[in-house]
Structure formats: structure tokens, C-alpha cells
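Colleague: Before I rely on any of the labels in this description, I would like to hear what stands behind each of them. Could we take the terms one at a time?

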Amino acid sequence: MNRAEILRYLRTSSRVEDERLLALVDECAGEVEKAVTTKTLHRIFECRVTNDCLYVNGEEFHSKRLAKTLEGCNKVCIFGATLGTECDRLLRTYSGTDIARAMVLQACLASKIEEVCDSLEDTLRAQGLVLRQRYSPGYFDLDITENRKIFEMLELTKRIGLTLTDTCQMVPTKSVTAIIGIEND
């Protein structure tokens, strides 16, 4: 795992010289590596984009910012990714007994799920696809409830074990759904 990225999530400098913190980061990163069970699922869909909406697979995603990000694309990759339930258990365990460790674990897990998403993007690029920035429900003007459509389109619960709460939060918590525009060939 990338120590500098973990320290960034902790909002401290990558040049930090506190040996205790660095040792804790390394310990937690090791725990995370043992605990995670990464799963991803993605599909590429044809799409149509207007000024304020993405139309894909019979669904409408209303968001001016998403539409602007996808302007000119006629395909999108929609994906889900998770680190698995063991990560939630780790966080619960330490949140009640060791707040410092829980904070560092949180940073390690955030870094790890980003690493998983970046790896998926690298795989797509290796196939010759030119990608736009990924965009997730809950950011800017794409309502978090749009997760319901993604879950249904990809069958995320059935295929990789992700579930959605009534408030559209994902379980396991260290999970991501996103839409990535694919530039036209």
C-alpha cells in the first residue's frame, strides 16, 4: 500500500518523521492487506448524454455535472467495487478500543479502495479504452439514490455481495460505485 497516500488521508505530510505514526501506518496497512477480499464488477454500456442527463440501459441519471463530464461519450463503464465485510469488522473492533488505530485503519482502507478502483481503470486502459474521470452517486449533483439504479443494472448484491441501506449507503462501507465515460474511438 502507498504510505504517502495513507498519510494524505490522515491529513499529514508524507515527510512526517514520527516513527510511532509510521509504524502504526505500516501495521495497519498489513492488517488491511490480510483482511480485504476485493471484488469488482463492471459492464460497458452504450449511452446517450444530454445537457443534464445520462441515458443508459433504460435508466436516466440526472446530473448536469455528470453530463458535462461525459459530453461526447457514447459509451460508459459502470462498476462496483468492495473491500469486503472483514474491513467493517476491523473498524468496529478498534473504534471502541483504540481510536488512533481506528483512524489509521480508516485511512488505509480509503487508500485501498481507491487502489482497487484505479486498478480497474488501468485494466480498461490496457484494453485501449480512453477514459474520463470516474463519477459516483452522492457527489455534486448526482443524488446518492442513483445507487439503486446501478445496483439493479449490475446485480451487485447477487454478484459481489454489496448491499444498499434504505438511505443508499453501501455495506460493506468500503465500497464504491461509479460511472466512467469512454471516449469515442
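Modeller: Let me begin with pairing, which is assigned to two strands if DSSP finds at least two bridges between them, the strands (E, at least two residues) and helices (H or I, at least four residues) being DSSP runs numbered from the N terminus. This is a predicted model, in which local features need pLDDT of at least 70 and side-chain atom pairs count only at pLDDT 80 or more, whereas totals for chains, interfaces and linings use all residues. Residues are numbered from 1 along each chain as its sequence is written, and side-chain values use heavy atoms, with hydrogens and water left out.

Colleague: How do you know that strand 1 and strand 4 are paired, and in which sense do they run?

Modeller: Strand 1 (residues 39-49) is joined to strand 4 (residues 75-82) by 8 bridges, and the criterion asks for at least two, so the two count as paired; they run antiparallel. Individual partners can be followed along strand 4, where T40 is matched with A81, H42 with F79 and E46 with K75.

Colleague: What makes strand 4 and strand 7 a pair, and which residue does I78 face in strand 7?

Modeller: Here too DSSP gives 8 bridges, and the strands run antiparallel; against a threshold of at least two bridges, they therefore pair. I78 stands opposite I179 of strand 7.

Colleague: And how many bridges support the pairing of strand 1 with strand 2?

Modeller: The pairing of strand 1 with strand 2 has 3 bridges, in the antiparallel sense, which still satisfies the requirement of at least two. V49 stands opposite L54 in strand 2, and the two strands form a hairpin with 3 residues between them.

Colleague: What makes strand 3 and strand 7 edge strands of the sheet?

Modeller: The open sheet has 5 strands in the order 3-2-1-4-7, with antiparallel pairing. Strand 3 (59-62) and strand 7 (175-182) each pair on one side only, and they are accordingly its edges. Neighbouring strands are turned by 30 degrees against each other on average, direction ignored, the axes being lines fitted to C-alpha atoms, for helices over the stretch in contact, and angles running from 0 to 180 degrees between N-to-C directions.

Colleague: Which strands does helix 5 touch, and which does helix 6 lie across?

Modeller: Helix 5 (residues 99-126) packs on the sheet and touches strand 1, strand 4 and strand 7, its direction making about 145 degrees with that of strand 4; contact here means heavy atoms within 4.5 Å. Helix 6 (residues 147-154) lies across strand 1, strand 2 (53-56), strand 3, strand 4 and strand 7, and it runs at about 150 degrees to strand 3.

Colleague: Why is strand 4 described as largely enclosed?

Modeller: A residue is buried under 20% relative accessible area, exposed over 50% and partly exposed in between (1.4 Å probe, protein chains only). In strand 4, 7 of the 8 residues are buried, so the strand is largely enclosed by the rest of the structure.

Colleague: Is R101 buried or exposed, and which residues does it touch?

Modeller: R101, which belongs to helix 5, has a relative accessible area of 13% and is therefore buried. Leaving aside residues up to four places away in sequence, R101 touches L24, E27, C28, E31 and Y94. R101 and C28 are 73 residues apart in sequence, yet their C-alpha atoms are 7.3 Å apart in space.

Colleague: What makes N57 and E155 worth a remark on their backbone?

Modeller: Most residues other than glycine have a negative phi, and most peptide bonds are trans. N57, in the loop between strand 2 and strand 3, has a positive phi of about 50 degrees although it is not a glycine, and at 46% relative accessibility it counts as partly exposed. E155, in the loop between helix 6 and helix 7 (156-160), has a positive phi of about 55 degrees without being a glycine, and its 32% relative accessibility makes it partly exposed.

Colleague: Where is there a cis peptide bond, and what is its omega?

Modeller: The cis bond joins V171 and P172, with omega about 0 degrees; P172 lies in the loop between strand 6 (170-171) and strand 7.
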